[in-house]
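User: I would like to understand the terms used for this structure. Please explain the reasoning behind each one.

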Amino acid sequence: MIAFRPLTDDDAGWLLLWMASPHVQQWWLSCGQTAEDGVEDALAYIGAANATAFIITYNDQPIGYFQCYECNPDHEPDSPCYSENPRGTFLFDMFIGDASHLGDGLGAKVLSKAADGLFYKGAQCLRAAPHATNIAAVKSCERAGFTATDHTRANGLVLMVRARDVAPDAVKSA
């Protein structure tokens with residue numbers, strides 16, 4: 001069973017382990033950023049006003065990280081989180097840190113469950129922005145009901161969106 005629990009300072013060890021893994025570093029850390037920097041950035045979401053962070057669990061075991069924040073006009077126009085109509089539009093990022101769960105379709109299930117939860121809490125539109133060459137992430141988003149827009153960002157991210165009324169049958173029945 002997939003679940004989400006709020007990120008706490010006690011999760012720093014999990015985050016460091018995962019962010020030091022090549023499969024996470026490749027897509028998660030910015031150029032020159034260390035795993036320690038990534039952990040510090042993630043822990044900064046604890047108690048943030050317009051952002052939330054969670055540890056993803058599967059069968060009660062920590063397997064990954066999820067963060068989301070509301071989009072608004074204060075973000076840079078080239079940012080995937082920029083929005084002229086920010087009410088209820090959220091951008092999220094996530095990774096499966098436990099490499100034993102890569103390639104088993106869990107990413108799409110996590111995305112679908114997270115989307116359902118955000119919509120239940122009032123979100124109107126969700127955005128994801130995987131790197132265009134991260135085929136596994138793009139396909140996970142697609143299986144979770146997200147569609148790519150024609151807006152590829154300067155840094156190689158492809159903007160993907162899911163409206164409130166999308167319920168992907170493939171993920172629901174999985």
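Analyst: Helix 4 and helix 5 are oblique to each other. The model under discussion is a predicted one.

User: Why are helix 4 and helix 5 called oblique to each other?

Analyst: Helix 4 (residues 106-120) and helix 5 (residues 135-143) pack at an angle of about 45°, and their axes lie 8 Å apart. Angles under 35 degrees count as roughly parallel and those from 65 to 115 as roughly perpendicular. The angle of about 45° belongs to neither class, so the pair is termed oblique. The crossing of helix 4 and helix 5 is right-handed.

User: Which residues of helix 4 and helix 5 meet, and what classes do they have?

Analyst: From helix 4, Gly107, Ala108 and Leu111 meet Ser140, Cys141 and Arg143 of helix 5. By class, this contact has three nonpolar, two polar and one charged residues. Gly107 is placed with the polar residues because Gly is assigned to that class.

User: What makes helix 1 oblique to helix 3?

Analyst: The axes of helix 1 (residues 12-19) and helix 3 (residues 35-43) come within 9 Å and cross at roughly 135°. Perpendicular pairs run from 65 to 115 degrees, and roughly antiparallel ones are over 145. Since roughly 135° falls in neither class, helix 1 is oblique to helix 3. Their crossing is right-handed.

User: Which residues make the contact of helix 1 with helix 3, and how many of them are nonpolar?

Analyst: Helix 1 contributes Ala12, Leu15, Leu16 and Met19, while helix 3 contributes Ala35, Glu36, Gly38, Val39, Ala42 and Leu43. Eight of these residues are nonpolar, one is polar and one is charged. The charged one is Glu36, because Glu is listed in the charged class.

User: Is Ala44 buried or exposed, and how do you know?

Analyst: The relative accessible area of Ala44 is 54%. Exposed means over 50%, so Ala44 is exposed. Ala44 is found in the loop between helix 3 and strand 2 (51-58). Ala44 and Asp9 are 35 residues apart in sequence, and their C-alpha atoms are 9.6 Å apart in space.

User: What does the protein chain contain in secondary structure, and how much of it counts as buried?

Analyst: The protein chain has six helices and seven strands. Their order from the N terminus is β-α-α-α-β-β-β-α-β-α-β-β-α. Of its 174 residues, 44% count as buried; the cut-off for that term is a relative accessible area under 20%. The protein chain exposes about 9,200 Å², of which carbon and sulfur atoms supply 53%.

Notes. Residues are numbered from 1 along each chain as its sequence is written. This is a predicted model: local features need pLDDT of at least 70, side-chain atom pairs count only at pLDDT 80 or more; totals for chains, interfaces and linings use all residues. Side-chain values use heavy atoms; hydrogens and water are left out. Helices (H or I, at least four residues) and strands (E, at least two) are DSSP runs, numbered from the N terminus. Buried means under 20% relative accessible area, exposed over 50%, partly exposed in between (1.4 Å probe, protein chains only). Accessible areas come from the Shrake-Rupley method with a 1.4 Å probe; for residues, only the protein chains shown count as cover. Axes are lines fitted to C-alpha atoms, for helices over the stretch in contact, and angles run from 0 to 180 degrees between N-to-C directions. A crossing is left-handed if the near helix is turned anticlockwise from the far one by less than a right angle, and right-handed if clockwise. Contact means heavy atoms within 4.5 Å.
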